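Student: Could you take me through one part of this model up close? I'd like to look at the pocket, with some background on the chain around it.

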Amino acid sequence: MLTPLDIENQKFKKTAIGYDSKEVDKFLGKVLMSYERVYKENIELKDKITVLNDGIQYYKTMEKTLQDTLVSAEKSASDVKSAAYKKADAIEREAEIRAKQQLDDARNSLFEMNQQITALQKQYDAVKIEISRIFKAQLEILDRETDHINKLSSFEEAEVAATKQKPEELPLYSLDDGERL
């Protein structure tokens with residue numbers, strides 16, 4: 001490709017029947033100016049293309065980075081979600097184990113309480129029987145005492161009657177049990 005300097009430095013041989021050198025120089029000057037402008041525009045456009053290509057490359061790099069970040073974020077979200085599901089499953093299993101253990105503990109406590117209730121009922125029944133036996137024994141003692149008091153009362157009445165009767169008419173009583181002889 002010719003540069004403006006090539007056009008400017010181009011020299012032609014002069015011939016006898018050739019073109020008017022002034023007109024050729026004037027035309028070449030116009031061509032040179034026009035070519036210089038086109039050449040400069042071409043350089044500027046190439047520079048712009050380079051800048052735009054650099055910009056495109058920057059945006060492509062940014063797009064790649066964003067895509068990588070998006071893929072990484074999706075993977076990270078997937079990993080977090082998976083970890084959350086695993087943790088939730090572990091918590092659920094642990095809760096089920098605790099609930100089962102608490103249920104077993106409650107059943108054991110209930111069984112022990114039922115055994116204690118049964119033992120207490122047996123103790124209650126035994127104490128009730130013992131108290132009943134004691135009450136019966138006390139009632140028997142009271143009945144004997146009442147009989148004894150009644151016999152003493154009868155003895156006193158007999159004594160009072162004996163003082164009114166003659167000695168041969170008096171009944172004889174034993175002092176041990178108050179029975180008549």
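Tutor: Start with burial: just 4% of the 181 residues in this predicted chain count as buried. The surface the chain exposes comes to about 16700 Å², and carbon and sulfur atoms supply 59% of that. As for secondary structure, you'll find two helices and zero strands. Among contacts with a separation of 6 or more, 49% are between residues 24 or more positions apart.

Now to the pocket itself. The largest one has a volume of about 390 Å³. It is lined by 17 residues, and those closest to its centre are Phe12, Ser21, Val24, Asp25 and Leu28. Two elements give two or more residues each to that lining, helix H1 (4-9) and helix H2 (21-164). H2 gives the most, with six residues. Sort the lining by class and you get six nonpolar, five polar and six charged residues.

Phe12 is a good place to zoom in. This residue sits in the loop between H1 and H2. Leaving aside residues up to four places away in sequence, Phe12 touches Val24 and Leu28, both of which are also among the residues closest to the pocket centre. Phe12 and Val24 are 12 residues apart along the chain, and their C-alpha atoms are 9.6 Å apart. Is Phe12 buried or exposed, then? Its relative accessibility is 53%, so Phe12 counts as exposed, the cut-off being over 50%.

While we're on H2, let's follow that helix along to its charged pairs. Side chains of opposite charge can pair when their charged atoms come close. The count of salt bridges comes to five, and here are some of them. Arg98 pairs with Glu94, with the closest N and O atoms 2.6 Å apart. These two are four residues apart in H2, so about one helical turn separates Arg98 from Glu94. Glu94 is partly exposed, at 40% relative accessibility.

Asp104 and Lys100 form another salt bridge, with 3.5 Å between the closest N and O atoms. Here too the partners are four residues apart in H2, so Asp104 and Lys100 are about one helical turn from each other. Asp104 is partly exposed at 26%, whereas Lys100 is exposed at 54%.

Further along, Arg133 bridges to Glu130, the closest N and O atoms being 2.4 Å apart. Both lie in H2, three residues apart, which is about one turn of the helix. Arg133 is partly exposed, with a relative accessible area of 47%, and Glu130 is partly exposed as well, at 35%.

Conventions:
Residues are numbered from 1 along each chain as its sequence is written. This is a predicted model: local features need pLDDT of at least 70, side-chain atom pairs count only at pLDDT 80 or more; totals for chains, interfaces and linings use all residues. Side-chain values use heavy atoms; hydrogens and water are left out. On a 1 Å grid over the protein atoms alone, a cavity is a set of points where a 1.4 Å probe fits but cannot get out, and a pocket is an open set with protein on both sides within 12 Å along at least five of seven lines; lining residues have an atom within 4 Å of a point. Grid points are joined across faces, edges and corners, and a volume is the space filled by probe spheres set on the points. Ala, Val, Leu, Ile, Met, Phe, Trp, Tyr, Cys and Pro count as nonpolar, Asp, Glu, Lys and Arg as charged, and the others, Gly among them, as polar. Buried means under 20% relative accessible area, exposed over 50%, partly exposed in between (1.4 Å probe, protein chains only). Contact means heavy atoms within 4.5 Å. Accessible areas come from the Shrake-Rupley method with a 1.4 Å probe; for residues, only the protein chains shown count as cover. A salt bridge is a side-chain nitrogen of Lys or Arg within 4 Å of a carboxyl oxygen of Asp or Glu.
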